[in-house]
Amino acid sequence: MTSETITAAASGTWKLGDLTVNRIGFGAMRLPQTGKALVPDAVPRDRDQAISVLRRAVELGVNHIDTAAFYFSALRSANELINRALAPYPDGLVITTKVGQPRDPSGAWLPHARPDQLRGLVEENLRQLGRDHLDVVNLRIVGSDSIAERFGVLADLREAGLIRHLGISNVLPHHLTEAQAIAPVVCVQNMYGLGVRPDQDAFVRACGEQDIAFVPFYAIAATGRQAGASDSDHPEILAVAQAHEASPAQVRIAWTLHRGPNVLAIPGTGDPAHLASNVAAGALRLSEDEIAILDSLHRQTL
């Protein structure tokens, strides 16, 4: 499919609280490095390339950027690249970040942040992004333990004006119930995609019923996770892609958006051509038969 003139507006819009975003956004995880992300020996990406991709994303109508202070390589920080590329920030640009499990300067993961450490992580994001408040902050967790105390700290920071809206990431359904008893939740960010975590289907629907955005990560990479997508794909995905003169990645994005009007896509890349292709996927309309085929594959857990 042609991608030259298609903008993120083709994907439709959703509201994160009172902030309207196009349903195709941009994930910044891949920006600081080439190759695998979130590893100590990540190869830094060319700075000018990263900055140009961010600026081009905004030109293409992307107004929702997902980032984190722990997205970095030895020489690059996603937050600082965003600051350098886009500040002063255009009106309507929503930057979502996440806190919860930091990395040390070498890139190694540290233990989950204690409640008393969360304010410092929020302030780190504020400083790197050059903002006086954060639009959306997700509490990212690993495991099934209670999030009440930690989420409560973020709720207090929201009341203090440092955060506008709150979300949760890498969570189970009971965490959403727990968080909502403390403060409003505008988004849930979990691993999900075509053939990835079909057990999340009911959670996606539940979020939609409550007007909460569901924001999948690794929707294109699938089981490749932070290493990115592989060069191959399922034959039936390839067939759908060929029918639309599209790429398998575009089909995966289009299927993800089909899961509900509350589902937002945040594909990430450091490649300008891939960026345009990802944004253009918001205009790809799959037929009912194609959706049925892809749904069947999804349930098989590719």
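The legends below walk through several close-up views of one predicted model.

Residues are numbered from 1 along each chain as its sequence is written, and side-chain values use heavy atoms, with hydrogens and water left out. In this predicted model, local features need pLDDT of at least 70 and side-chain atom pairs count only at pLDDT 80 or more, while totals for chains, interfaces and linings use all residues.

**View 1. The seven-stranded sheet is open and parallel.** Here the strand order is β3-β6-β7-β8-β9-β10-β11. Strands (E, at least two residues) and helices (H or I, at least four) are DSSP runs, numbered from the N terminus, and two strands pair if DSSP finds at least two bridges between them. At the edges sit β3 (26-27) and β11 (213-214), each of which pairs on one side only. Look inside for β8 and β9, which run parallel and are joined by six bridges; Val137 has Leu166 of β9 as its bridge partner. Helix α4 lies across β7, β8 and β9, and runs at about 160° to β9. Such angles run from 0 to 180 degrees between N-to-C directions, with axes as lines fitted to C-alpha atoms, for helices over the stretch in contact.

**View 2. Two polar side chains, Asn138 and Gln189, touch each other.** Asn138 is in strand β8 and Gln189 in strand β10 (residues 187-189). Asn138 counts as buried because its relative accessibility is 0%, and Gln189 counts as buried at 3%. Buried means under 20% relative accessible area, exposed over 50%, and partly exposed in between (1.4 Å probe, protein chains only). Leaving out residues up to four places away in sequence, the contacts of Asn138 include Asp66, Thr96, Lys98, Ser169 and Gln189. With the same exclusion, Gln189 touches residues including Asp66, Lys98, Asn138, Ser169 and Ile266. Contact means heavy atoms within 4.5 Å.

**View 3. The largest nonpolar core has 85 residues.** A nonpolar core is a set of buried Ala, Val, Leu, Ile, Met, Phe, Trp, Tyr and Cys residues joined through side-chain atoms within 4.5 Å. Phe26, Ile82, Leu154, Ile168, Val188 and Leu294 touch the most other members. A second, separate core of twelve residues includes Leu19, Ala213, Leu264 and Ile266. Zoom in on Ile82 and you will find contacts with Ala28, Leu54, Ile65, Thr67, Ala87, Tyr89, Ile95 and Leu129, not counting residues up to four places away in sequence.

**View 4. Helix α3 spans residues 118-129.** Its end C-alpha atoms are 17 Å apart, which agrees with the 16 Å expected for twelve residues at 1.5 Å a residue; the expected span is 1.5 Å times one less than the number of residues. The buried residues are Leu118, Leu121, Val122, Asn125, Leu126, Gln128 and Leu129. They pack against α2 (78-86), β7 (94-99), β8 (134-140), α4 (148-159) and β9 (163-169). Just after the helix, Gly130 takes a positive phi of about 70°.

**View 5. Helices α1 and α2 pack at an angle of about 65°.** Their axes are 9 Å apart, with α1 covering residues 47-59. On the α1 side, the contact is made by Arg47, Ala50, Ile51, Leu54, Arg55 and Val58. From α2 come Leu81, Ile82, Arg84, Ala85 and Leu86.

**View 6. Strands β1 and β2 form a hairpin with two residues between them.** Four bridges pair β1 (residues 13-16) with β2 (residues 19-22) in the antiparallel sense, and Trp14 is partnered by Val21. Trp14 and Leu16 point to one face and are buried, while Thr13 and Lys15 point to the other and are not. In the turn, Gly17 has a positive phi of about 65°.

**View 7. Some backbone angles deserve a closer look.** Most residues other than glycine have a negative phi, and most peptide bonds are trans. The peptide bond from Ala87 to Pro88 is cis, with omega near -5°; Pro88 lies in the loop between α2 and β7. Leu38 has a positive phi of about 60° although it is not a glycine, and is found in the loop between β4 (33-34) and β5 (43-44). Glu245 also has a positive phi, near 50°, in the loop between α7 (235-243) and α8. Is each of these two residues buried or exposed? Leu38 is buried, with a relative accessible area of 13%, whereas Glu245 counts as exposed at 66% relative accessibility.
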